[in-house]
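Here are a few friendly notes on the aromatic contacts, set out point by point. Please have the model open as you read.

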Amino acid sequence: MVPVDAETLDLLMKITGTTNAALGRALSFDASYISRIRHGKRRFPQEEAILSKMAAYFHQAEPEARAATPAAVAGSAESEVPVLLRTLAAPGPGSSSDVPASALLSEAPSPVSFYYGNPGKRDAVRRFLKDLESRQPAGELLLYSDEDMSWLWEDASFIGEWQGLLTGLLRSGWRITIIHTISRAANDMYEAIREWFPLYLSGRVTPYYYPLLRDDVFHHTLFIAKGFSALIGSSVSGQNGKPLNLYIKDVAASETLAQQFAAYLAVCRPLLQTVSRQDPTGLRQALVVLSASPGPLRLTQNEPAFLFVKDEAAFIISKDENGAGFLIREPRLIAGLRAYQSMQARAGEGAVPSLSALPEALRRLLPEDLLASLS
């Protein structure tokens, strides 16, 4: 295919009356991205598959546009349409053959892909996240799942890959809004806490939870990159066979699913209060709340953070001075953290050797009763 520049694209869209949203849906691009290309702020992707889909789209749109083109425009623009389309569809360097425009549309890949069972869900999640690596500008990931998490935990190599993909997206500017399921079994809660710690500590993850009990029969997964793609799945407790997961690469579908996510988010609550390591006042206030909680203090650590847990409050703080801290008051999550600490102890992990192991800036903020209990 012949490369496409901003001027050619803009002219074709004006002549055929194509909106940014319409072309975006046809090519699985965001409408704002099409707008930036038309204004010369982004270069149009030159992959042959994308150029072929675009040529097919305009070949299909051109007859209708010709009939609808106002007379004042038709005289100057109408004669350019066939020329532009022939140029667009012409084979470029390395092309092996011409493909009829009608065939391009019929052979275009479906926006929906099917994945089955736990291996399939891992493949779908991998594709969902990898497809976002080169997408700019960065956006927001909307994540929810109350399905069995064995698809993640049962493959140790995939856990590292999953964390790496999410960490890369966070570093490139993406943010995550996640609705957690906090009614999981203790072992699932332990795994979730352990794997999400490094991501939370980036300060770019906003967690929520649904405060009421739900039935334990139907389960759902909803991962969305708004304006681009989505991954959805569902299963039934005790289901035999391989549950179906759908990866959808479609702008309109992802936006509709994002509306569903927003409706659910509206009845959820923030899971924790985030404070920066650079905010001494906020840290002090969070530690005062922790100090006022009844019960003994248990202090443990994992690789990225220190965990302070009492009966009615918990506090987690990054070891990285540029990281974040979290005050937690939700009883089920506190119970999960206590279970996490117990599992650490049984594994011979997590012990804090002495008070001096805490950062000096944090020690200075600790209320006296907390200092006394740690001494």
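1. Let us begin with a single ring. This is a predicted model, and in it tyrosine 200 is buried, because its relative accessible area is 9%, under the 20% cut-off. Phenylalanine 326 is buried as well, with a relative accessible area of 2%.

2. Next, the wider picture: seven aromatic pairs are present in the structure. One of the places to look is where tyrosine 144 meets tyrosine 264, an edge-to-face pair with 5.2 Å centre to centre and 80° between the planes. The first partner belongs to strand E2 (residues 140–145) and the second to helix H12 (residues 251–265), so this contact ties together parts that are 120 residues apart in sequence. Tyrosine 144 and tyrosine 264 are both buried.

3. Back to the residues of point 1. Tyrosine 200 and phenylalanine 326 make an aromatic pair too, and here the arrangement is tilted, at 5.6 Å centre to centre and 55° between the planes. An angle of 55° does not exceed the 60 degrees needed for edge-to-face, and it is not under 30 degrees either, so the pair counts as tilted. Distant parts of the chain are linked again: tyrosine 200 sits in helix H11 (residues 186–200) and phenylalanine 326 in strand E13 (residues 324–328), 126 residues apart.

4. Which residues form one aromatic cluster? They are Phe128, Phe223 and Tyr247.

5. Finally, a contact between a charge and a ring. Lysine 319 places its charged end over the ring of phenylalanine 306, at 5.1 Å from the ring centre.

Note on methods:
Residues numbered from 1 in each chain as written. Predicted model: local features only at pLDDT ≥ 70, side-chain atom pairs only at ≥ 80, totals over all residues. Heavy atoms only, no water. Phe/Tyr/Trp six-rings, centres within 6.5 Å; stacked < 30°, edge-to-face > 60°. Helix = DSSP H or I, 4+ residues; strand = E, 2+ residues; numbered from the N terminus. Buried < 20%, exposed > 50% of the residue type's maximum accessible area, 1.4 Å probe, protein only. Lys NZ or Arg CZ within 6 Å of the ring centre and 35° of its normal.
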